[in-house]
Amino acid sequence: MNLFGSSPKHSHGAAAVVTGAGSGIGAAFATELGRRGGRIVCSDVDEGSSRATAAAIVAAGGHATSVHCDVSRLEDVEGLAAQAQSWLGGAPTLVINNAGVGAGGAPIGEIAIEDWTWVLGINLWGPIHGCHVFTPILRDAGVRAGIINVASAAAFGAAPGMAAYNVSKAGVLSLSETLAAELSGTGIDVTVLCPTFVKTNILVSGEKSGAISARSSQLADRLMRWTGFSPERVAKTCLDTNDRGGLYCMPQPDARIGWGIKRFTPTVYTRAAGLTNRVTN
């Protein structure tokens, strides 16, 4: 029984806000929401790219606008919320905290502290800011709504040489689980997306793409091309998961397998990850 008097499929006809909407999974989320009859606020630190996403949605007959937002800055996210409510004519019904960057290739102790700060500022503080600002707005609106936080299988994978990225995504996983518990019974469904490899430009996005070693970048690029899902496929799967009220979205089989092994045999999993790292180096 739906106590909130509206369709539980909040991805259909959604009043949505998507961060990192200029490319990759964010653009795929925004485009798919447009296909589902939504009105989308596309935000990105690169406003040119978010404008392009919004323009493509409008050209296809949808409704979208773009807003500049650096998710690592609380004041930017507060500004995004204000502009979104103004353009949407009220509270959003779906918020997707997607903006993220990639970094890796060096062990703990060799990663520059500046890289830790940069990665955590966007990948972890971005979703924290998004949840901090938008959760009260959605809760006060009193309608059925959704929040999607984009993490990664790295949240539980703990691959060596990816500490800053792993930590940021593990934080997003915990943030989402906590938020889901706090919002239980409110009609706001929280989903955390944990994909493995997705065919996006995350390894070259942002002003500090040099934070990824050339070797790690080449390996990840090959894995993306060989095993990665398209961002469109990932976005559709995640939106459907949120519509069903699912907390975890792991669109690829390897993510689900890794999640199961890590949960039931964590010590074995971690030792195997370390052994794999020694073999490949």
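Asn 123 is buried, with a relative accessible area of 0%. Buried here means under 20% relative accessible area, exposed means over 50%, and partly exposed lies in between (1.4 Å probe, protein chains only). The residue belongs to helix α4. Helices are DSSP runs of H or I with at least four residues, strands are runs of E with at least two, and both are numbered from the N terminus. The model is predicted: local features need pLDDT of at least 70, side-chain atom pairs count only at pLDDT 80 or more, and totals for chains, interfaces and linings use all residues. Residues are numbered from 1 along each chain as its sequence is written, and side-chain values use heavy atoms, with hydrogens and water left out.

What does the side chain of Asn 123 reach? It reaches the backbone nitrogen of Val 101 at 2.8 Å. The side chains of Asn 123 and Ser 168 are also joined, by a polar contact of 3.3 Å. A polar contact is a pair of N or O atoms within 3.5 Å; within protein, one must be able to donate a hydrogen and the other to accept it, and residues adjacent in sequence count only if both atoms are side-chain atoms. Now take contacts in general, meaning heavy atoms within 4.5 Å. Setting aside residues up to four places away in sequence, Asn 123 touches Ala 99, Gly 100, Val 101, Tyr 165, Ser 168, Lys 169 and Val 172.

Just before α4 comes Ala 112, in the loop between β4 (94–97) and α4 (113–123). Ala 112 is partly exposed, at a relative accessible area of 31%. Its C-alpha atom is 9.9 Å from that of Ala 164, although 52 residues separate the two along the chain.

Helix α7 (residues 163–182) holds a second asparagine, Asn 166. Asn 166 is buried as well, with a relative accessible area of 10%. Its side chain reaches the backbone oxygen of Ala 159 at 2.9 Å. Beyond residues up to four places away in sequence, Asn 166 touches Ala 154, Ala 155, Ala 158 and Ala 159.

One of those alanines deserves a look at its backbone. Ala 158 sits in the loop between α6 (154–157) and α7. Most residues other than glycine have a negative phi. Phi of Ala 158 is near 55°, a positive value in a residue other than glycine. Ala 158 is partly exposed, with a relative accessible area of 40%.

Further along, Ala 180 also lies in helix α7. Is it buried or partly exposed? Ala 180 is partly exposed, with a relative accessible area of 22%. Apart from neighbours within four places in sequence, Ala 180 is in contact with Val 190 and Leu 247. The C-alpha atoms of Ala 180 and Leu 247 are 7.4 Å apart, with these positions 67 residues apart along the chain.

Strand β2 (residues 39–44) contains Val 41. Val 41 is buried, at a relative accessible area of 1%. Leaving out neighbours within four places in sequence, Val 41 is in contact with Ala 16, Val 17, Val 18, Thr 65, Val 67, Leu 80, Ala 84, Trp 87 and Leu 88. The C-alpha atoms of Val 41 and Arg 51, 10 residues apart along the chain, are separated by 10.0 Å.

Leu 80 leads on to the largest cavity, whose lining also includes Thr 19, Val 71, Val 77, Asn 97, Gly 126, Gly 130 and Phe 134. A cavity is a set of points, on a 1 Å grid over the protein atoms alone, where a 1.4 Å probe fits but cannot get out; lining residues have an atom within 4 Å of a point. The structure holds one cavity of 30 Å³ or more. The largest cavity has a volume of about 30 Å³, a volume being the space filled by probe spheres set on grid points that are joined across faces, edges and corners. Helices α3 (74–88) and α5 (125–141) each supply at least two lining residues. The largest share, three residues, comes from α5.

Across the whole chain, the secondary structure comes to 11 helices and seven strands. Buried residues make up 49% of the 281 residues. Of the contacts with a separation of 6 or more, 72% are between residues 24 or more positions apart.

Definitions and conventions. On a 1 Å grid over the protein atoms alone, a cavity is a set of points where a 1.4 Å probe fits but cannot get out, and a pocket is an open set with protein on both sides within 12 Å along at least five of seven lines; lining residues have an atom within 4 Å of a point.
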